Amino acid sequence: MIEAVFVEPWPFWAAGLGIGLFVTLFAWVTGKPTGVSTGLGSACGLVSSCAHFQEARYREPWRLMFVLGIPLGGLLAAALAQGTGLRPTFELGAFERAISAQPMVKAGLLFLGGALLGFGARWAGGCTSGHAIVGVAQGAKSSLVATAGFMVGGVVVVNLLFRVIGG
Amino acid sequence: VRAMFLTFGALFGFLLSRARATDYDAIVGMFQFTDLHLMGVMGVGITTAGVGLLLLRRGQAPALTGDHRIEVRPKPMRPRIFVAGLVFGAGWGLSGACPGTALSQVGEGKLYALFTVAGLLAGTYLFGITRTDPTVGATSGGSQDPAQVPLFGAPVTRECR
């Protein structure tokens, strides 16, 4: 059992079940919707005087704590998982094939990707957790449209990277 | 309470990693339709969350902590939300991460993800400063729904930082 949870790879249904149960448990225990990108706005609110970041949803202190916890979970998972272990790496997996470039170019592309994620998430009002999982689970029209955009954007860019540019 | 949310965050980061949502190969496979693992994860996740949240609502269960209200409701529709989604999706495809998984990747020791997280904060910040229209702030104290403020076209002054 411990092996199956911490060491061996999870089948898709177990991972989906885990995430779905997490969202439910989080709502039940805390009363809050699972969401990450608004917490990044809270982080901006720490240093920004912009009125946007003073809005009520960014001023919920739990969001920053939730966001800060996520890397700890990633660390734990990697440290115990089969094969990987906690080993700092510059590997980008499949992306190495598409963008086999200078380290600075890779860093720049990831920064640009991150910036598109951050801007798009605030513009859409949520990210993969808030819209694609929690929003779609409630059947919200806004989340269905946003998630359709997420998937189309991802399909277009990845196929451009791997089929057109990366060959 | 802080420790509780930190723990929930850690659990979420753990699940994202175990789900391989932080795995660059799995992201590329999903968007090229060559590896449907993450599609399956999202499908089962959405279904499970749908049933779970419905049961909570039907049972009118109070939240176990805080003020006991469950504040999980559908998000309001916004203009151009599909275009906003395309921008986000482009970032997902380019960086091989989304906001939650980028943070989990950093924890896993994927060092390039530090640049993704830096970009995330920069993009979020950029949205905030383009949305701060002084005329809006003057009349409503900045409480106006940002979705109602046009993104382009409105005079934007950078009076905040």
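Helices are DSSP runs of H or I at least four residues long, numbered from the N terminus. This definition is needed for B:Phe33, which is found in the loop between α2 and α3 of chain B. The structure described here is a predicted model.

## Chain A and two loop residues of chain B

Chain A has eight helices and zero strands. Read along the sequence, its pattern is therefore α-α-α-α-α-α-α-α, each helix being a DSSP run. The C-alpha trace of chain A spans about 45 × 45 × 35 Å along its principal axes.

In chain B, two loop residues deserve attention for their backbone angles. For B:Phe33, in the loop between α2 and α3, phi is near 60°, a positive value in a residue other than glycine. B:Arg80 lies in the loop between α3 and α4 of chain B. Phi of B:Arg80 is likewise positive, near 60°, and this residue too is other than glycine.

## The interface between the chains

How many residues does each chain bring to the contact? Chain B gives 105 residues and chain A gives 122 residues. The area buried between the two chains is about 10,200 Å², and carbon and sulfur atoms give 77% of that area. Three residues, B:Arg18, B:Leu94 and B:Tyr112, supply 9% of the area that chain B buries against chain A, which is more than any other three residues.

Which side chains meet in a salt bridge? They are those of B:Glu71 and A:Lys32, at 3.4 Å from N to O. The count of salt bridges between chain B and chain A is one. This pair qualifies because its distance of 3.4 Å falls within the 4 Å limit for a side-chain nitrogen of Lys and a carboxyl oxygen of Glu. Polar contacts between the chains number 21 residue pairs, with both residues at pLDDT 80 or more.

Several helices of chain B each supply at least two residues of the side that touches chain A: α1 (2-18), α2 (24-32), α3 (37-58), α4 (81-95), α5 (99-108) and α6 (113-130). The table sorts the residues of that side, and those that line the largest cavity, by class.

| Group of residues | Nonpolar | Polar | Charged |
|---|---|---|---|
| Side of chain B that touches chain A | 61 residues | 30 residues | 14 residues |
| Lining of the largest cavity | 13 residues | five residues | no residues |

## The largest cavity

Rolling a probe the size of a water molecule over the atoms shows where empty space is left. The count comes to three cavities of 30 Å³ or more. The largest cavity holds about 210 Å³ of space.

Which residues lie nearest the centre of the largest cavity? Of the 18 residues in its lining, these are A:Thr128, A:Ile133, B:Leu16, B:Ala21 and B:Met42. The elements that give two or more residues to this lining are α7 (128-137) of chain A, together with α1, α2, α3 and α5 of chain B. With four residues, α3 of chain B gives the most.

Definitions and conventions: Residues are numbered from 1 along each chain as its sequence is written. Chains are lettered from A and ligands numbered from 1 in the order in which they are written. This is a predicted model: local features need pLDDT of at least 70, side-chain atom pairs count only at pLDDT 80 or more; totals for chains, interfaces and linings use all residues. Side-chain values use heavy atoms; hydrogens and water are left out. Contact means heavy atoms within 4.5 Å. Buried area is the accessible area (1.4 Å probe) that two parts lose on being put together, summed over both. A polar contact is a pair of N or O atoms within 3.5 Å; within protein, one must be able to donate a hydrogen and the other to accept it, and residues adjacent in sequence count only if both atoms are side-chain atoms. Ala, Val, Leu, Ile, Met, Phe, Trp, Tyr, Cys and Pro count as nonpolar, Asp, Glu, Lys and Arg as charged, and the others, Gly among them, as polar. On a 1 Å grid over the protein atoms alone, a cavity is a set of points where a 1.4 Å probe fits but cannot get out, and a pocket is an open set with protein on both sides within 12 Å along at least five of seven lines; lining residues have an atom within 4 Å of a point. Grid points are joined across faces, edges and corners, and a volume is the space filled by probe spheres set on the points.
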